[in-house]
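Here's a walk through the model, starting with helix packing and moving on to the sheets and the two copies. Keep the structure open as you read.

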2 protein chains.
Amino acid sequence: MSLNTAVLGSGSWGTALANLFAQNGNPTVLWGRDAKVLESIERSGRNPKYLAGLDLHKTLRVERDLVKAIEAASVIVCSIPTQNIREVFSGLSLGDRILLNTSKGLEVGSHFRVSQIFSQLAPECRYGVLSGPSFAEELIKKQPTAVTIASLDKALAESIQNAVRAPYFRAYTTLDVVGVELAGSMKNVVAIATGIVKGCRLGHNAQSAVITRGLAEIARMGRALGASPATFLGLAGVGDLVLTCTGPLSRNLRAGILLGEGKPLNEVVRELGGVAEGIYTTVSAFELSRKHGIDMPILREVYSILYEGKSPKASIEALMEREPKEEAV
Amino acid sequence: MSLNTAVLGSGSWGTALANLFAQNGNPTVLWGRDAKVLESIERSGRNPKYLAGLDLHKTLRVERDLVKAIEAASVIVCSIPTQNIREVFSGLSLGDRILLNTSKGLEVGSHFRVSQIFSQLAPECRYGVLSGPSFAEELIKKQPTAVTIASLDKALAESIQNAVRAPYFRAYTTLDVVGVELAGSMKNVVAIATGIVKGCRLGHNAQSAVITRGLAEIARMGRALGASPATFLGLAGVGDLVLTCTGPLSRNLRAGILLGEGKPLNEVVRELGGVAEGIYTTVSAFELSRKHGIDMPILREVYSILYEGKSPKASIEALMEREPKEEAV
């Protein structure tokens, strides 16, 4: 059954998902704040800012008015930066619509995962989260892509799974909202750590070790906060982490590389032309780990490098010189 | 405490480990079958065939006679191809020496993991296995490297952990021999699968999905055969898998790429100049999965491509078009 869909956020991933929904016969509108991007999609059927050279499905419509965009929608896909969600959704009446989140990160201040933000803003809406290893460009090119959809409402997850199913797109369902959200948020912190190792030119063994021990930290955090361990072995866990840390340079990986090369945070932000999500999430996660007493040595070192001026070299020595011990998640 | 060590196998990893033991003050001899390699190590302190341009520690000795090599050793490190282990160790009297295995794979015919081969050949020896994301060249260059040592004998694992500890080398211990051996063996099969996706030019999303769903299959096999699930989240699991599938081209990854480009197995073996371990392990693992009724769709498709002439394209379609379902390990 097709679903009336509104995608909020016209960045690369929002555009690619809107395209997927439209392609699959779901009446779909895309809302965004960037007037130029919307105009170009309307005029040329392309998003040249984020997805140059790729044709979007002809049925995809754009909408500049947020209230109008969601009016007819039974599914709202959220694909806007996590730190902006509260502002965009405040005062918007979602009713019992399905909210499918694809944004990753922990809100600064509240330490909230996105589902927690929505349970405050729109307690009646039905919530799901889609996550996994997925570059937007490859999805638009119809290259095989597999993701996880998590919801406490199994029927909701299955209705989305059905609405987006394609020969090149495969979604698995799970009930573990907490695990999928934590994995998606924390992978950006591990990507920064991996970038730091890369920037210090320490080799592939060290990068793989940081990815692995980073995953163990995420799983440990998950256990403390009620997630299912299996999630971290899945597409939203290992899958997304591997893609972000070893694929073409993501923003968070680039941020880490610049830090590893010895640049201070303000210069990194200037070179990136903005903040990478993991830079925010590091703060929230660090505070959260302290509050709950979770041992997260890699997170702590990333925090120290970002916000306390610690040198990457000193951090790596600190990690390598810990007492030998058993391998534990 | 230092350990008298004999390393069997003068390939890149055997040489790098022998170097690590020697560097750390353990009296170490290296045995191998390649007379040229041994002679060059003796003469120039280098292994130009596998580790060109890298100086080995001056205390590392070579030994051409296998019986003499192990005479004074309390630890024997096995780093020879899995399919040759039975032949090399047959008739050798190990007594209660520590056997530290670093070879990966499942023996063709018996389907045995390496510890099972040794429990037949040398039932009195005390067994451990060292595994994890580790390129030999980086270890010799003293770039940070972290691995797992598994043994049912905790004191054994800790004595090795201690003997190899260095500012650039960190070993974690675990009791899960089965999990570490399965993870190390099966990663080569998943590397072939990832190579196939790469050779078909299907993109990074698909590669990450194969790595992740491949890991889920390995964990499922582990559960059926008595491994601990946490092992697959660790250095010998995710860590080694990520390095092999995303790092500089390994033999198994290269084999997969050639298959993905449409070459038949005999041509692949010719281009590689020999068989990659995963090509053997696919057979053993496939037979083992059938015997125990373990659902392993990626393994099955790799088997079909290698041995039944199935086209990679047909395999990928088969994997993507399975019924949508819950994400399960």
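## Helices, sheets and two copies

In chain B, helix α8 (residues 177–199) and helix α14 (residues 297–307) cross at roughly 70°, and their axes come within 10 Å. Angles from 65 to 115 degrees count as roughly perpendicular, so that's the label for α8(B) and α14(B). Their crossing is left-handed. Bear in mind that this is a predicted model.

Which residues of α8(B) and α14(B) meet? From α8(B) come B:Met186, B:Val189, B:Ile192, B:Ala193 and B:Ile196, and from α14(B) come B:Ile298, B:Leu299, B:Val302 and B:Ile305. Sort that contact by class and you get 9 nonpolar residues, no polar ones and no charged ones.

Now for a helix pair in chain A. Helix α4 (residues 82–89) packs against helix α5 (residues 114–121) of chain A at an angle of about 15°, and the axes lie 11 Å apart. That angle makes α4(A) roughly parallel to α5(A), since angles under 35 degrees count that way. Here the crossing is right-handed. On the α4(A) side you'll find A:Thr82, A:Ile85, A:Arg86 and A:Phe89, and they meet A:Val114, A:Ile117, A:Phe118, A:Gln120 and A:Leu121 in α5(A). The contact of α4(A) with α5(A) is a mix by class: 6 nonpolar, 2 polar and 1 charged.

Here are the two pairs side by side.

| Helix pair | Angle | Axis distance |
|---|---|---|
| α8(B) and α14(B) | roughly 70° | within 10 Å |
| α4(A) and α5(A) | about 15° | 11 Å |

On to the sheets. Chain B has an open sheet of 8 strands with mixed pairing, in the order β3-β2-β1-β4-β5-β6-β7-β8. Why is one side of β3 (61–63) and of β8 (169–174) in chain B left without a neighbour in the sheet? Both stand at the edges with a single partner strand each, so nothing in the sheet flanks their other side. On average, neighbouring strands of this sheet are turned by 25° against each other, direction ignored.

Zooming in, β6 (residues 126–131) and β7 (residues 145–150) of chain B are antiparallel, paired over 3 bridges. One residue to look up there is B:Val129, whose bridge partner in β7(B) is B:Ala150. Helix α1 (residues 12–23) of chain B packs on this sheet and touches β1 (5–8), β2 (28–31), β4 (75–78), β5 (98–101), β6 and β8, with its direction at about 170° to that of β2(B). Helix α2 (residues 35–44) of chain B lies across β2 and β3, running at about 150° to β3(B).

In chain A, 8 strands form an open, mixed sheet in the order β3-β2-β1-β4-β5-β6-β7-β8. Its edge strands are β3 (61–63) and β8 (169–174), each of which pairs on one side only. For a parallel pair, look at β4 (residues 75–78) and β5 (residues 98–101) of chain A, joined over 4 bridges. Within that pair, A:Val77 has A:Leu100 as its bridge partner in β5(A). Helix α10 (residues 235–246) of chain A packs on the sheet, touching β6, β7 (145–150) and β8, and its direction makes about 140° with that of β7(A).

How do the two chains relate? A turn of 180° and a shift of 0.0 Å along the axis lay chain B on chain A with an RMSD of 0.0 Å. The two copies are therefore related as by a two-fold rotation axis. Both use the same surface, too: 100% of the contact residues of chain B recur in chain A.

Methods. Residues are numbered from 1 along each chain as its sequence is written. Chains are lettered from A and ligands numbered from 1 in the order in which they are written. This is a predicted model: local features need pLDDT of at least 70, side-chain atom pairs count only at pLDDT 80 or more; totals for chains, interfaces and linings use all residues. Side-chain values use heavy atoms; hydrogens and water are left out. Two strands pair if DSSP finds at least two bridges between them. Axes are lines fitted to C-alpha atoms, for helices over the stretch in contact, and angles run from 0 to 180 degrees between N-to-C directions. Contact means heavy atoms within 4.5 Å. Angles under 35 degrees count as roughly parallel, over 145 as roughly antiparallel, 65 to 115 as roughly perpendicular and the rest as oblique. A crossing is left-handed if the near helix is turned anticlockwise from the far one by less than a right angle, and right-handed if clockwise. Ala, Val, Leu, Ile, Met, Phe, Trp, Tyr, Cys and Pro count as nonpolar, Asp, Glu, Lys and Arg as charged, and the others, Gly among them, as polar. Copies are superposed by least squares on the C-alpha atoms of residues with pLDDT of at least 70 in both.
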